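Biologist: I would like to learn how to read a model like this one, feature by feature. Please show me the structure, and I will ask as we go.

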Amino acid sequence: MAMDVGKTFVETCNYLQDPRLVASFQRLCGVRGTFPDNASEPRNRSDDNDRPELRKRSPGDDVGNGAASAVHANGKPSEPRPEDEDSSARAKPLRRNSLTGDVGQEFLIHNKLLFYLFTFGTELGNEMFFIVFFPFLFWNVDALVSRRLIVVWAWNLMVGQSTKDMVRWSRPASPPVVKVEVFYNSEYSMPSTHAMTGTAIPFCLFMLTYERWQYPFLLGLSVALCWSLLVCVSRVYMGMHSVLEVITGFLYSLLVLVFFQQTLDTIDHFYMTHAYAPLVIVVSHVSLGLLAFSLDSWSTSRGDTAQALGTGAGAALATHANYQLGLMADPPASALPLALPALGAGLAARALLRLALGVAVILVTRMLMKAATIPLLCRLAGLPAGDVRRARQRMAVELPYRYIVYSVVGFTCFCVVPLLFRLVGLA
């Protein structure tokens, strides 16, 4: 009986991991590749099962859109199919791969609504969204929720990216999968960290705000589920993950949330009140960054891990500073649950003004810190500063660069910008 259950489980996992399942979903959603006719199917899966090393990626692997050159085995260009003739359906990935410079291959989009919907969904897991979302929440809605959410986000991303570098599964094979996105194509893929953050953020937000704010339970749960589902499905649509990797990321994130549900109050209180909190914050985040960088050869996942840990460290240090200086007081327990304010033109204008000014300060801070940090670290490491991409593939540059820049960004967001708001009368 146990053997039958185990066999069924393995067969189910193999089915959910099959790139042809991803390709079928993409075709259902109106995505078509421009592959040669003889490259429309992957190798026999039994070959892959006999050779597990094929699931590993080496630094020199092609990470583009499969047979992106669109030539047949005889070297002649493939003949355009009828659907290729519609130039309005042609599209290319929005961003090139940050490791290889690969801009990806043209593909065909026959359902623009789904394309824009899932592009939005995948952006909910990218850097620019977090640069806007976390500050807006902190400056305009609830500082306590925002700073605790940052803790969960940073640790969740670190766990997911480190797991990727230990499991070392490559992205879904292309062809048959169409790489609608190539920015993260050089990373390993198991589990999906977009699915992890896309689950952790909305469900943790729901966990932190329900009973703290007045709103219906079903409304909060529905928003969290829809947010998570949109991000998870978008990763399959983009051709970046198999269904199994997305499901694993979703479940893995829920496991992380179970841990933080029990410890988040203690962590937040320690960050605010303990005399040695700054030392513990710096040492723990740097140590975890060093651990993540030791797991595998360089990829964008390691930089993202250091970036998340740096942001988390900066936000935690700002939390300690704000509490010790009396710059930020949470509402007393007697004031809970908080009522949602009445929306008006004045409130909206004030929130947007805070957001515009604050994000501008953050972006300028990030730009200045990048400009100052990378050349300095290259000189200290004895590397030429002219080739930034290659220099950032060295741990001696990438880890301190990400950590320093984003620690300053996190501290600026949660401590410096609120002080600026007080000075200009926006507090």
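Biologist: Leaving aside neighbours within four places in sequence, which residues is T319 in contact with?

Modeller: Bear in mind that this is a predicted model. A contact here means heavy atoms within 4.5 Å. By that rule, and with neighbours within four places in sequence left out, T319 is in contact with R147, D268 and M272. T319 itself sits in helix α11, which covers residues 300-324.

Biologist: Is T319 buried or exposed?

Modeller: The cut-off for buried is under 20% relative accessible area. T319 is buried, because its relative accessibility is 4%.

Biologist: And why does L149 count as buried?

Modeller: The reasoning is the one just used. L149 has 0% relative accessibility, so it counts as buried. Its place is in helix α6, residues 143-167.

Biologist: Which residues is L149 in contact with, again without its neighbours within four places in sequence?

Modeller: The list is F133, F134, L137, I201, C204, L205 and L208. Take C204 from that list: it is 55 residues from L149 along the chain, yet the two C-alpha atoms are separated by 6.8 Å.

Biologist: What share of contacts in the whole protein join residues at least 24 apart?

Modeller: One takes contacts between residues at least 6 apart in sequence, and 80% of these join residues at least 24 apart.

Biologist: How many helices and strands are there, and what percentage of residues count as buried?

Modeller: The protein has 14 helices and 3 strands. It has 427 residues, and 49% of them count as buried. As for the surface, about 20,300 Å² is exposed, with carbon and sulfur atoms supplying 66% of that area.

Biologist: How should I read the largest pocket, and how much space lies in it?

Modeller: Begin with volume, then ask what lines it. The largest pocket holds about 1,300 Å³ of space. Its lining consists of 45 residues, and those nearest the centre are L137, N140, V141, D142 and W213. L137 also appeared above, among the contacts of L149.

Biologist: Which helices supply at least two residues of that lining?

Modeller: They are α5 (127-141), α7 (193-209), α8 (217-237), α12 (345-381) and α14 (395-423). The most comes from α5, which gives 7 residues.

Biologist: How do the lining residues divide into nonpolar, polar and charged?

Modeller: In the lining of the largest pocket, 34 residues are nonpolar, 5 are polar and 6 are charged.

How values were computed
Residues numbered from 1 in each chain as written. Predicted model: local features only at pLDDT ≥ 70, side-chain atom pairs only at ≥ 80, totals over all residues. Heavy atoms only, no water. Helix = DSSP H or I, 4+ residues; strand = E, 2+ residues; numbered from the N terminus. Buried < 20%, exposed > 50% of the residue type's maximum accessible area, 1.4 Å probe, protein only. Areas by Shrake-Rupley, 256 points an atom, 1.4 Å probe, with all protein chains shown as cover. 1 Å grid on protein atoms, 1.4 Å probe; cavity = no way out; pocket = protein on both sides within 12 Å on 5 of 7 lines; lining within 4 Å. Points joined across faces, edges and corners; volume = space filled by probe spheres on them. Nonpolar A, V, L, I, M, F, W, Y, C, P; charged D, E, K, R; others polar.
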